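This report describes a protein structure for the bench biochemist. Please consult the sequence and the structure shown below while reading.

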Amino acid sequence: MKRRTCLSALAGLGASVPSLSWSATPSVWSTMPVTPRMPVLFVGHGSPMNALGDNAYSRAWAQLGAEFGRRYPKPNLILCVSAHWLTDGFWLTAMSRPRTIHDFGGFPQALFDQQYPAPGAPALAKVLRDGILKPELQLDPDRWGFDHGTWSVLKPMFPRADIPVIQLSMDYSRPAAEHFALGRQLGALRERGVLIVGSGNVVHNLRATRRDAPANQAYDWAREFDAWVQGHLQRGELDALVDFQGQGELARLAHPTHEHYLPLLYAAGAAKRSEMPRVFNADFQSASISMRSVVWG
């Protein structure tokens with residue numbers, strides 16, 4: 001497994017849109033019990049500091065987590081697609097005890113002290129691997145774990161850390177339509193007790209951040225791109241989200257590199273057009289990071 005580290009070299013990739021006619025073998029997933037359909041989430045995670053203390057974002061994540069076991073069934077498994085695990089090919093964490101990864105710098109020690117000791121699910125990772133015919137998913141038995149795109153949102157949502165979690169990596173070199181298509185295949189797992197979580201940001205431009213900006217302030221281009229996404233969400237035009245690069249300069253400002261946008265495509269692919277989205281945290285951090293988050297189902 002080779003992790004990609006130079007996003008600037010890849011920023012122009014992903015423009016072509018192939019057919020979405022990939023195959024899946026849901027019969028393999030029959031080893032997982034049928035359950036009421038789970039929702040699917042896209043969570044804007046923003047700064048890792050959101051995981052510390054009491055703030056509007058962590059409170060919203062905690063409130064959403066409290067709905068599981070009441071409004072929604074408790075998940076048997078969480079499958080998380082984070083903006084922070086980019087690889088050659090697509091990989092699933094397949095270790096029994098994934099480590100908590102502190103993939104950032106320049107933050108207080110309290111953030112590096114954070115741990116999320118949720119178990120992995122090696123056997124279920126193999127089931128997921130065998131249920132997807134294309135693209136081929138590979139298993140990572142010991143190298144990755146839970147990066148902050150995963151643990152910073154799951155810890156407030158599910159603080160007991162008692163639900164198994166698997167991370168799915170993204171191959172940034174693949175066209176956007178392939179990420180959406182993989183999400184569409186994974187949508188069948190919602191009927192098997194799997195909560196699918198995409199963790200990224202609708203707008204993510206760290207070069208333009210203004211740390212003193214309040215949550216109701218953002219650049220015009222950030223608001224415009226965020227509104228473009230929200231319009232398609234409201235109309236159920238989920239496949240239209242694939243063509244974000246068709247927004248030209250607006251998309252390039254919103255995402256100088258688009259790894260934080262791609263998890264939205266997995267969640268949207270797993271959602272059903274008929275499901276009305278429920279939006280929360282629909283504001284901005286540092287003027288250039290949209291925290292817009294969505295629940296389908």
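## Arginine 210 and its surroundings

R210 has a relative accessible area of 35% and is therefore partly exposed, since this value lies between the limits of 20% and 50%. The model in which this residue is described is a predicted one. R210 is located in the loop that connects β8 and α6.

Leaving aside residues up to four places away in sequence, R210 touches Q217, Y219, S286 and A287. A separation of 40 Å lies between the C-alpha atoms of R210 and A121, which are 89 residues apart along the chain.

## Asparagine 205 in the same loop region

N205 is found in the loop between β8 (194-200) and α6 (220-235), and R210 also lies in the loop between β8 and α6. N205 has a relative accessibility of 6% and counts as buried, whereas R210 is partly exposed.

Which backbone oxygen does the side chain of N205 reach? The partner is the backbone oxygen of L253, at 2.7 Å. L253 also appears among the residues that N205 touches, together with W221, A254, P256 and S288; residues up to four places away in sequence are not counted here.

## Overall architecture

The protein chain contains 8 helices and 12 strands. Its radius of gyration is 18 Å, close to the 19 Å that the globule rule gives for 297 residues, so the protein chain is as compact as a globular protein of that length. Along the principal axes, the C-alpha atoms fill a box of roughly 50 × 45 × 40 Å.

Of the 297 residues in the protein chain, 59% are buried. Among contacts with a separation of 6 or more, 83% are made by residues 24 or more positions apart. The protein chain exposes about 11,900 Å², and carbon and sulfur atoms supply 50% of this area.

## Strand β1 and its partners

Is strand β1 enclosed or open? In β1 (residues 40-44), 5 of the 5 residues are buried, so the strand is largely enclosed by the rest of the structure. In a regular strand the side chains alternate between the two faces of the sheet. In β1, V40, F42 and G44 point one way, L41 and V43 point the other way, and all are buried.

Two pairings of β1 can be described. With β8, the pairing is parallel and extends over 5 bridges; L41 stands opposite V197 in β8. With strand β12 (residues 293-296), β1 runs antiparallel and is joined by 3 bridges. Here V40 has W296 in β12 as its bridge partner.

## The buried helix α8

Helix α8 spans residues 262-270 and is mostly covered, with 9 of its 9 residues buried. These buried residues are L262, P263, L264, L265, Y266, A267, A268, G269 and A270. An α-helix has 3.6 residues a turn, so residues three or four places apart point the same way.

## Aromatic pairs

The count of aromatic pairs comes to 11. One of these pairs is formed by F104 and F107 in an edge-to-face arrangement, with 5.5 Å centre to centre and 85° between the planes. The angle of 85° qualifies as edge-to-face because the planes are over 60 degrees apart.

The two phenylalanines are covered to unlike extents: F104 counts as buried at 16% relative accessibility, and F107 counts as partly exposed at 26% relative accessibility. The 20% limit for burial is why the two residues receive these separate labels. Ring pairs also link F104 and F107 with F112 and W151 into a cluster.

## Alanines with positive phi

Where do A161 and A287 lie? A161 is found in the loop between α4 (148-157) and β7 (165-170), and A287 lies in the loop between β10 (284-285) and β11 (289-290). Phi of A161 is near 55°, a positive value in a residue other than glycine. For A287, phi is also positive, near 70°.

A161 counts as buried at 8% relative accessibility. A287 is likewise buried, with a relative accessible area of 0%. A287 is also one of the residues touched by R210, the partly exposed arginine introduced at the start of this report.

Definitions and conventions: Residues numbered from 1 in each chain as written. Predicted model: local features only at pLDDT ≥ 70, side-chain atom pairs only at ≥ 80, totals over all residues. Heavy atoms only, no water. Phe/Tyr/Trp six-rings, centres within 6.5 Å; stacked < 30°, edge-to-face > 60°. Buried < 20%, exposed > 50% of the residue type's maximum accessible area, 1.4 Å probe, protein only. Helix = DSSP H or I, 4+ residues; strand = E, 2+ residues; numbered from the N terminus. Polar contact = N/O pair within 3.5 Å; in protein donor to acceptor, adjacent residues only side chain to side chain. Contact = heavy atoms within 4.5 Å. Rg over C-alpha atoms; globule rule 2.2 N^0.38 Å. Areas by Shrake-Rupley, 256 points an atom, 1.4 Å probe, with all protein chains shown as cover. Pairing = 2+ DSSP bridges.
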